[in-house]
Amino acid sequence: MEEEVTQLRCFREYHKSELFKDDGVETVTSVEQKKVEGTIQQVLSAYLQNHKIPQPELLRDQHCAYLKRGLRHLSDAYECLDASRPWLCYWILHSLELLDKPVPTSISSDVCQFLARCQCPTGGFAGGPGQQAHLAPTYAAVNALCIIGTEEAYSVIDRQKLLEFLYSVKQPDGSFVMHVGGEVDVRSAYCAASVASLTNIITSTLFAGTPGWIVSCQNWEGGLGGVPGLEAHGGYTFCGMAAMVILGKEDMLDLRTLLRWVASRQMRFEGGFQGRCNKLVDGCYSLWQAGLLPLLHRALYKEGELALSQASWMFEQQALQEYILLCCQNPAGGLLDKPGKSRDFYHTCYCLSGLSVAQHFGGRDVHLELVIGKDDNRLEPTHPVYNICPEKVTQAITWFQQQAVPMPREPASTS
Ligand SMILES: [Zn+2]
């Protein structure tokens, strides 16, 4: 039994030596950091008291029930996400595909009809029926439809109009605004590159100047900020890196400083990731940060880097799995930021996505699995760029490649 106990990183004796030390300088953030570590220590010791042989379990049935309920009914707490409804479809459908629980045809057909109502006459998708087209729900809607993967789902997307919408948000410097009249940031470049590549509407001018603009978001820390000059942040860094991979320009980024920055964002005691330097651990960065490592691995491999591991990503895969399984699950289903926070569909999606990244190493030729806890904890793999299951990406790309790229009709102001 002793041996079993020591198998988990967080129950090994040396783990306590990873606790934060403030070197006698107390600050607002150092107090917060110690508080989080204290809560995690309590969670871990309560787990040990209740489990003689620690073998963390993914609460598969509870998560599935919570997710399926969300497709039909949302509580009042979701009122604030009224402009993010395609996101809810994507977060739930992707979580369910990771759990290998496809939704019944009748429900997926209802989702297709709902997303069709979110599509705008000017192209692109809005956060809800009758709202304004916006790149974020456009990304979510296209991903959700590709997960459903039926002819009905693919046919919802008006590719000609989608291309017109993308041109309407494209800026002369290569960046994109999130919506007409809206803000520029690196999320928009990723959302645009993601939907355009999945649906085969990339023209020779659509992403002109975009890689150069994304590179200008990489700062001295090594990660990317939302726009040039801002602090490096996990979500923006993932978006920038994934967009560069789609555009085949990842070598324009300084990959080694990016690697150093992201590897340093995994918390030594908690095992999960922080979004920015000096911030607290949060379950959703299990995808935004850990998800960068497969992209970096491939990019460095393409550059001919010989020192790359052929067995693991460049982060502690075991530690991340332990954090998600022991600290981020609500016993009634759904996953969360950190102990003490409430569950939601966003954190459920990105905790599960990060767990999948930590379980599966490799790609087409090599595939190694490291599943912590029960065997049944295994999730399906996720595509490192689109964050939907890889076969759904292949299926969508194959489908849309049978159709010609629409002719660009650029708005007069940018032509
Ligand atoms: Zn979060």
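Are W288 and Y350 buried or exposed? Both are buried. Keep those two in mind, because W288 sits in helix α13 and Y350 in helix α16, so their pairing ties together parts that are 62 residues apart in sequence.

Good morning. One caution before we go on. This is a predicted model. Please hear every number that way.

Let's stay with that pair. W288 and Y350 form an aromatic pair. The ring centres are 4.5 Å apart. The planes make an angle of 35°, and the pair is classed as tilted. The structure holds 18 aromatic pairs. Ring pairs also build a cluster. Its members are W87, Y90, W91, Y139, Y190, F238, W288, Y346 and Y350. You can see both of our residues in that list.

Next, the metal. What are the protein donors of the zinc ion? D282 gives two entries, both OD atoms. C284 gives its SG, and H347 gives its NE2. These donors lie 2.1 to 2.5 Å from the zinc ion. The spacing of the donor residues in sequence reads D-x1-C-x62-H. D282 is in the loop between α12 (255–263) and α13 (285–288), while H347 is in helix α16 (residues 345–359), so this pair ties together parts that are 65 residues apart in sequence.

What about the geometry? The angles among the 4 donor atoms run from 57 to 128°. The site is irregular. Why not tetrahedral? Four donors count as tetrahedral if all angles lie between 85 and 135 degrees, and the range here begins at 57°. And the surroundings? D282 and H347 are both buried.

Go back to the loop between α12 and α13. Q266 lies there too. Its relative accessibility is 15%, so Q266 counts as buried. The side chain of Q266 makes two polar contacts worth finding on screen. A polar atom of that side chain lies 3.0 Å from the backbone oxygen of G271. The Q266 side chain also reaches the backbone nitrogen of E316, at 2.9 Å. Leave aside neighbours within four places in sequence, and Q266 is in contact with G271, G272, F273, F315, E316, A319 and L320.

Now a residue in another loop. L230 is found between α10 (210–215) and α11 (234–246). At 44% relative accessibility, L230 counts as partly exposed. Not counting residues up to four places away, L230 touches N219 and G225. How far apart are L230 and G271 in space? The answer is 26 Å, C-alpha to C-alpha. In sequence they are 41 residues apart.

On to a helix. Helix α2 covers residues 28–50, which makes 23 residues. From first C-alpha to last, α2 reaches 34 Å. That is close to the 33 Å expected at 1.5 Å a residue. Which residues of α2 are buried? They are S30, Q33, V36, E37, I40, L44 and Y47. What covers them includes α15 (317–327).

Last topic: backbone angles. Most residues other than glycine have a negative phi. Here are two residues to check against that. D23 is not a glycine, yet its phi is positive, about 50°. D23 lies in the loop between α1 (2–7) and α2. At 70% relative accessibility, D23 counts as exposed. D100 is also a residue other than glycine, and its phi is positive, near 60°. D100 has its place in the loop between α4 (85–98) and α5 (105–118).

That's my tour. Any questions?

How values were computed:
Residues are numbered from 1 along each chain as its sequence is written. This is a predicted model: local features need pLDDT of at least 70, side-chain atom pairs count only at pLDDT 80 or more; totals for chains, interfaces and linings use all residues. Side-chain values use heavy atoms; hydrogens and water are left out. Donors are N, O and S atoms within 2.8 Å of the metal (3.2 Å for Na, K and Ca); water is not among the atoms, so sites may look incomplete. Four donors count as tetrahedral if all angles lie between 85 and 135 degrees; four count as square planar and six as octahedral if opposite donors are over 155 degrees apart and all others between 65 and 115; anything else is irregular. Helices (H or I, at least four residues) and strands (E, at least two) are DSSP runs, numbered from the N terminus. Buried means under 20% relative accessible area, exposed over 50%, partly exposed in between (1.4 Å probe, protein chains only). Rings of Phe, Tyr and Trp (its six-membered ring) pair if their centres lie within 6.5 Å; planes under 30 degrees apart count as stacked, over 60 as edge-to-face and the rest as tilted. The expected span of a helix is 1.5 Å times one less than its number of residues. Contact means heavy atoms within 4.5 Å. A polar contact is a pair of N or O atoms within 3.5 Å; within protein, one must be able to donate a hydrogen and the other to accept it, and residues adjacent in sequence count only if both atoms are side-chain atoms.
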